[in-house]
Amino acid sequence: MHLYSVSLQTGTGIISTIHGNFSGTKTQEIIISRGKILELLKPDENGKIQTVLSYEVFGQLRSLVPFRLTGGSKDYVILGSDSGKISIVEYNPTRNSFEVVHMETFGKSGCRRIVPGQYVAVDPRGRAV
């Protein structure tokens, strides 16, 4: 059985924003979270911000943190959601999509006060989450 979920109107309020080098080219990109939509933005030559990728997830994004491995040249994204999981996601520029590198369950599903889904911190040197 396959289920399909469609939102009639997308969220416009920005929940959280991060910046980093997500595509591996030495340019700064911006990733924003709009509830359940994850967007990758990049400035063009004229200084305007262009949407590179808009990706809808099944759930509410509660936290968004950039993460770079020690000695790495690109940044990864750590997502905390209401599904009770922390996901490490990377942007693949050849496929123009986000790919899940690792997903770890840390609590029950739903936005609960006892599940620390929105409290994610990263070591600046990329050693711990």
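**Exercise 1. Find what share of the contacts with a separation of 6 or more joins residues 24 or more positions apart, then see which elements the protein has.**

Start with the contacts. In this predicted model, residues 24 or more positions apart make up 35% of the contacts with a separation of 6 or more. Next, list the elements: there are zero helices and eight strands, so the pattern along the sequence reads β-β-β-β-β-β-β-β. Finally, check burial: 36% of the 129 residues count as buried.

**Exercise 2. Work out the strand order in the sheet that has strand 1 and strand 4 at its edges.**

Step one is the order. This open sheet has four strands, arranged 1-2-3-4, and they pair in the antiparallel sense. Step two is the edges: strand 1 covers residues 16-20 and strand 4 covers 49-56, and each pairs on one side only. Step three is the twist, which averages 20° from one strand to the next. As for what holds such an arrangement together, strands of a sheet pair through backbone hydrogen bonds.

**Exercise 3. Follow strand 3 and describe how it pairs with strand 2 and with strand 4.**

Begin with strand 2. Strand 2 (residues 29-34) meets strand 3 (residues 37-43) over five antiparallel bridges. Two of the matched positions are easy to look up: Arg 34 has Ile 37 as its bridge partner, and Ile 32 stands opposite Glu 39. The two strands form a hairpin with two residues between them, and Gly 35 in the turn has a positive phi of about 75°.

Now turn to strand 4. Here the antiparallel pairing with strand 3 runs over seven bridges, and Ile 37 stands opposite Glu 56. This is a hairpin too, with five residues between the strands, and Gly 47 in its turn has a positive phi of about 95°.

Last, look at how covered strand 3 is: five of its seven residues are buried.

**Exercise 4. Decide whether Ile 30 is buried, partly exposed or exposed, and list what it touches.**

First, place the residue: Ile 30 lies in strand 2. Then take its relative accessibility, 27%. Buried would need under 20% and exposed over 50%, so Ile 30 counts as partly exposed.

Next come the contacts. Leaving out residues up to four places away in sequence, Ile 30 touches Thr 17, Ile 18, His 19, Glu 39, Leu 40, Leu 41 and Ile 49. Take Ile 49 from that list: Ile 30 and Ile 49 are 19 residues apart along the chain, and their C-alpha atoms are separated by 9.2 Å.

**Exercise 5. Describe the sheet that has strand 5 and strand 8 at its edges.**

Go the way you went before. Four strands form an open sheet in the order 5-6-7-8, with antiparallel pairing. Strand 5 (61-67) and strand 8 each pair on one side only. Neighbouring strands are turned by 25° against each other on average, direction ignored. Inside the sheet, four bridges join strand 6 to strand 7, and Val 77 stands opposite Val 89 in strand 7.

**Exercise 6. Find the lining of the largest pocket and the strand that gives the most to it.**

Start with the space: the largest pocket holds about 270 Å³. Its lining has 16 residues, with Val 57, Leu 79, Ser 87, Val 100 and Met 103 nearest the centre. Strand 6 (76-81), strand 7 (85-92) and strand 8 (97-105) are the elements that give two or more residues. Strand 8 gives the most, with four residues. To finish, sort the lining by class: ten residues are nonpolar, four polar and two charged.

Notes:
Residues numbered from 1 in each chain as written. Predicted model: local features only at pLDDT ≥ 70, side-chain atom pairs only at ≥ 80, totals over all residues. Heavy atoms only, no water. 1 Å grid on protein atoms, 1.4 Å probe; cavity = no way out; pocket = protein on both sides within 12 Å on 5 of 7 lines; lining within 4 Å. Points joined across faces, edges and corners; volume = space filled by probe spheres on them. Nonpolar A, V, L, I, M, F, W, Y, C, P; charged D, E, K, R; others polar. Pairing = 2+ DSSP bridges. Axes fitted to C-alpha atoms, helices over the stretch in contact; angles between N-to-C directions. Buried < 20%, exposed > 50% of the residue type's maximum accessible area, 1.4 Å probe, protein only. Contact = heavy atoms within 4.5 Å.
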